[in-house]
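The exercises below are meant to be worked with the sequence and the 3D model side by side. Try each task before reading its solution.

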Amino acid sequence: MAHAFRRRTDGTMACRLDGEEKAIIAQVAQETADLIRADLGIDAHGDGLRRAAQSEDPLRRLEAEFAGRDAREPADAAVRRLFPAASDDPDLATEYRRLAQQDLADGKLTDLRLVMTILDRSGGGHGEVVIDDAESMAMLRALNDVRIVLADRLGLERDGDFDTVRMLQQIGDQVEEAEPVGDDEHVGSDIVIAVYELLSWLQESLLRALD
């Protein structure tokens, strides 16, 4: 069972998670990173483009510059939430994506990788997860990004929507108890809701510990 983050006497933050909770958080962090890479085409151009841009060969640098001019607009609804248009003007929005989207994506992917590293170093079973202030900030950003993806999958648009989803889930549970239906899609939604609640609670706990 998860125990909330607290600040230790050495200044670090610590919480306790069981092995399954760590595995779930690492999995959704990995899936969020995979979604970002796939939707923005980072696998196709990311590292190679960056190496080309830093090359001593002027032709490779020129090719990288032209390739970097076409930042892909997100197609997935959740990725659009993570990388919203910076302007209502289409030309300005496209220019902003060209200049900033790759760096923004690199930052998000770095945060998500760090969360996976932190969970991995804490071991596989029930135990303490310890992070310093810099890692705390990265974890807050990463948890928020994962929550944004899950919120999109749950159809949450505004504050209060989650309470409605939770209420509908509870009503559905009561109906199922009366007449079990074995609905795989419903079970999947229950899992997403449970993970969203866990991440929200963990994020709030870390914010309170940092305060």
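Is E135 buried or exposed, and what is its relative accessible area? E135 is buried, with a relative accessible area of 13%, where buried means under 20% relative accessible area, exposed over 50% and partly exposed in between, for a 1.4 Å probe and protein chains only. The model is predicted, so local features need pLDDT of at least 70 and side-chain atom pairs count only at pLDDT 80 or more, while totals for chains, interfaces and linings use all residues. Residues are numbered from 1 along each chain as its sequence is written, and side-chain values use heavy atoms, with hydrogens and water left out.

**Exercise 1. Lay out the secondary structure and the overall packing of the protein.**

Step one is the inventory: the protein has 8 helices and 3 strands, taken as DSSP runs (H or I of at least four residues for helices, E of at least two for strands) and numbered from the N terminus. Step two is their order, which from the N terminus reads β-β-α-α-α-α-α-β-α-α-α. Step three is burial and contact range: of the 211 residues in the protein, 40% are buried, and among contacts (heavy atoms within 4.5 Å) between residues at least 6 apart in sequence, 73% join residues at least 24 apart.

**Exercise 2. Compare the expected and modelled spans of helices 5 and 6, and describe their ends.**

The expected span of a helix is 1.5 Å times one less than its number of residues. For helix 5, with 32 residues, this gives 46 Å, and the end C-alpha atoms are 44 Å apart, which agrees. Helix 5 nevertheless bends by about 50° at A100, the bend being the angle between axes fitted to the seven residues ending there and the seven starting there. For helix 6, the 22 residues should span 32 Å, in agreement with the 31 Å between its end C-alpha atoms.

Turning to the ends, at the start of helix 5 a side-chain oxygen of D89 comes within 2.8 Å of the backbone nitrogen of D91. The N-terminal end of helix 6 is capped by D132, a side-chain oxygen lying 3.2 Å from the backbone nitrogen of A134. Just after helix 5, G123 takes a positive phi of about 90°, and just after helix 6, G155 takes one of about 75°.

**Exercise 3. Trace the salt bridges that involve helix 6, and state the accessibility of each partner.**

A salt bridge is a side-chain nitrogen of Lys or Arg within 4 Å of a carboxyl oxygen of Asp or Glu, and the structure holds 14 of them.

1. R7 forms a salt bridge with D133, with the closest N and O atoms 3.6 Å apart. This pair links distant parts of the chain, R7 in strand 1 (residues 3-7) and D133 in helix 6, 126 residues apart. R7 counts as partly exposed at 37% relative accessibility, and D133 counts as partly exposed at 40%.
2. R81 and D152 meet through their side chains in a salt bridge of 3.6 Å, N to O. R81 lies in helix 4 (residues 77-82) and D152 in helix 6, so the pair ties together parts that are 71 residues apart in sequence. R81 is partly exposed at 29% relative accessibility, whereas D152 is buried at 15%.
3. R121 and E135 meet in a salt bridge at 2.9 Å, N to O. R121 belongs to helix 5 and E135 to helix 6, and the two are 14 residues apart. R121 counts as partly exposed at 47% relative accessibility, while E135 is buried at 13%.

Finally, salt bridges that share partners join D76, R81, D152, R153 and E157 into one network.

**Exercise 4. Characterise the surroundings of the buried residues R97 and L140.**

R97 lies in helix 5 (residues 90-121). R97 is buried yet has no salt bridge, and the nearest side chain of opposite charge, E73, is 4.7 Å away; here Lys and Arg count as positive and Asp and Glu as negative, with His and the chain ends not counted. Leaving aside residues up to four places away in sequence, R97 touches A71, E73, P74, F83, P84, A85 and Q102.

L140 is placed in helix 6 (residues 133-154) and counts as buried at 11% relative accessibility. With residues up to four places away in sequence again left out, L140 touches Q203, L206, L207 and L210. The C-alpha atoms of L140 and L206 are separated by 7.6 Å, although the two residues are 66 apart along the chain.

Notes: Polar contact = N/O pair within 3.5 Å; in protein donor to acceptor, adjacent residues only side chain to side chain.
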